[in-house]
Structure formats: structure tokens, C-alpha cells
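Colleague: I am new to this structure. Please take me through it piece by piece.

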Amino acid sequence: MQMYRQARDQALQEISERKRTEKALIENEKKLEAALAELADKNTELETFVYTVSHDLKTPIVTIEGFIGALREDFGDLIHENAEKYLNYMSDASRRMEILINDLLYLSRIGRLPERKIEFSFDDLMKKVLKTLQPYIDESGVTLNVEKSLPLIYGEMERLSQVMENLLSNAVKYIGKENPAPRIDVGAIEQGGQKVFFVRDNGIGIEKNYYQKIFEIFQRLPAGKKIGEGTGVGLTIVKRIIEHHGGKIWLESELGKGTTFYFTLKDKEI
């Protein structure tokens, strides 16, 4: 009888503990759902704020450019050489600010203003991108090799064009001025039954501690700061677009030998 009571008490204790555990799990799940909902709301607020501020900042930038143009047109003969130099500084700063604002506006629209997704070939995507970038690539003396018969992809063509434009522009920018044979390769491989696209260059390379940082907004490589180009938003845009398409992006690099960016895209659901 004593053994029966002990077994019963132990069973009741285990049931009570299990119920407490289940209750704690349910409470934690609710807290997690609430935290995720709050985070989503904050992200929406932040994106709306960025869009509003960026949009409002465009007006004074246009005004500044307008008055600089008016000064040159109305008082061009009276402007001293030093004054013209200062106007050039103002115009360049205004232009850089406008580029940054446009990048921030573009970033705020990803996912918030989705485009229609279609199936198209990566070859067609590259043809579209190179209509814009080929002169820049040729002027830089870079040899671009694009694999033939690249696979079909599914997504927003304009957004994915921006991905390739940003990755190729970055590759050209960091190819290295002393590079004797600058080269960029674009292609696709298959890993674990999944299509993986890549953009590979033989440029200056990236230090390992920057592998994640460069995808964060306003983060730039030290070499990029020396070059003085870019806004620090380009790769953030790339990452956001790739993730919006259900994929992921990562890189491999070796200093002095080059960098390869890899990314995946979610296939069309059947």
C-alpha cells in the first residue's frame, strides 16, 4: 500500500510539473509573439520615418542645386576662381546627399512597395544590367565574364537588377588600381539541390571581420572611405532585396586575391 501511495504521489508531482512547464512554454510563446509583433511595428515605423525624412530632404537639395545654377547663369562673369571652386564643393556635396537620399528612399520601399514577381532568365537580367553598366566596366579596364545559359529565376526584375548593379559596381570599385588583369566573373553553381549565384572579382579582398559589417547600413570598407565613393547603403539594399526574395547572401574573400559574393533566391512555388 505504501509503495502504491509513493507511486501515485510521484505521478501526481510529475503531472503538476509537466503542467507548470507547459504553462510556462505557452506564456513564453505569447511573449515571443508579442515581442515579434512589436519589432515588426518598430521596423514599419522606422521605414516610414526614413521614407518621410528622405522625401522631405529632397526639396532643399533641389533648391540648393537650383540656386547654384542660377548664380552661375546670372553672375558667371563676376564669379572669382576661388568662388567657383567653393560652388563646385557645394554642388558635389549636394549631389552626394541626393544620392544618399535616393538610396534611403529605395531601401525604404523594398518589401513595403512590392512589384509583380515573374519568371525570367538570369541571362535577360544580365543583359538589362549591362545596358547601364557596360560603359563603366569598359572604362575601368575590367574584363567581365558571364556564364552562358544561366538558369531561370523568379522575382521582381527591377529589384534583382539593382542587386546585380550594386554587386558589379562594388566589384569594379574595389578591383584595385594596380591590378594587372582586373576580372569579374558572374555565374551559378548548384549546392544541395539549390541554385547559388555568384559575382567573383580578383580585387583587393575584404578582411574577415567585415564579412557581416558591410551589409549593415552606412558601413564601408576602409578602402572605400579612401576612394571617397559610395553611400554605405548599397550592400544593405542588396541584402534586403535578397531576403525579400526568400534567399540569403554571403561572401568569401582573401586579401589581395579577391572576393566572391554568393546568393540564393527562392524558386517559384508550384
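**The sheet and its helix**

Colleague: In what order do the strands of the open sheet stand?
Modeller: Strands are DSSP runs of E with at least two residues, and helices are runs of H or I with at least four, both numbered from the N terminus. Two strands pair if DSSP finds at least two bridges between them. The open sheet has five strands with mixed pairing, in the order β2-β4-β5-β7-β6.

Colleague: What kind of model is this, and from which number are residues counted along each chain?
Modeller: This is a predicted model, where local features need pLDDT of at least 70, side-chain atom pairs count only at pLDDT 80 or more, and totals for chains, interfaces and linings use all residues. Side-chain values use heavy atoms, with hydrogens and water left out, and residues are numbered along each chain, as its sequence is written, from 1.

Colleague: Which strands stand at the edges of the sheet?
Modeller: Recall the order, β2-β4-β5-β7-β6. A strand at the edge has a single partner, so one side of it is left without a neighbour in the sheet. That applies to β2 (143–146) and β6 (249–254).

Colleague: By how much are neighbouring strands of this sheet turned against each other on average?
Modeller: Axes are lines fitted to C-alpha atoms, for helices over the stretch in contact, and angles run from 0 to 180 degrees between N-to-C directions. For this sheet of five strands, direction is ignored, and the average is 20°.

Colleague: Which helix lies across the strands of this sheet?
Modeller: Its residues are 157–173, and it crosses β2, β4 (183–191), β5, β6 and β7. It runs at about 130° to β4. The helix is α4.

**Aromatic rings**

Colleague: How many aromatic pairs are there?
Modeller: Rings of Phe, Tyr and Trp (its six-membered ring) pair if their centres lie within 6.5 Å; planes under 30 degrees apart are stacked, over 60 edge-to-face, and the rest tilted. By this rule the count is five.

Colleague: What is the angle between the planes of F197 and F263?
Modeller: F197 lies in β5 (residues 194–201) and F263 in β7 (residues 258–263), so their pair ties together parts 66 residues apart in sequence. Their centres are 5.6 Å apart and the pair is stacked. The angle is 25°.

Colleague: Are F197 and F263 buried or exposed?
Modeller: Buried means under 20% relative accessible area, exposed over 50%, and partly exposed in between (1.4 Å probe, protein chains only). F197 stands opposite F263 in β7, and β5 and β7 run antiparallel, joined by five bridges. Both residues are buried.

Colleague: Which charged end sits over the ring of F198?
Modeller: The rule asks for NZ of Lys or CZ of Arg within 6 Å of the ring centre and within 35 degrees of the ring normal. K248 sits this way over W250, 5.4 Å from the ring centre. Over F198, at 4.4 Å from the centre, sits the charged end of R200.

**Salt bridges**

Colleague: How many salt bridges does a search of the whole structure find?
Modeller: A salt bridge is a side-chain nitrogen of Lys or Arg within 4 Å of a carboxyl oxygen of Asp or Glu. The search finds seven.

Colleague: With which residue does K128 form a salt bridge?
Modeller: The closest N and O atoms of this pair are 2.9 Å apart. K128 lies in α3 (residues 122–139) and its partner in α4, so the bridge ties together parts 30 residues apart in sequence. K128 is partly exposed at 30%, and the partner is partly exposed too, at 43%. That partner is E158.

Colleague: How far apart in sequence are K195 and D267?
Modeller: K195 and D267 form a salt bridge, with the closest N and O atoms 3.4 Å apart. K195 is in β5 and D267 in the segment after β7. The separation is 72 residues.

**The other strands and a loop**

Colleague: Which residues of β3 point to one face and are buried?
Modeller: Side chains alternate along β3 (residues 152–155). L152 and Y154 point to the other face and are not buried. The buried ones are I153 and G155.

Colleague: What is the phi of S149?
Modeller: S149 lies in the loop between β2 and β3 and is exposed, with a relative accessible area of 65%. Most residues other than glycine have a negative phi. S149 is not a glycine, yet its phi is positive, at about 55°.

Conventions. Contact = heavy atoms within 4.5 Å.
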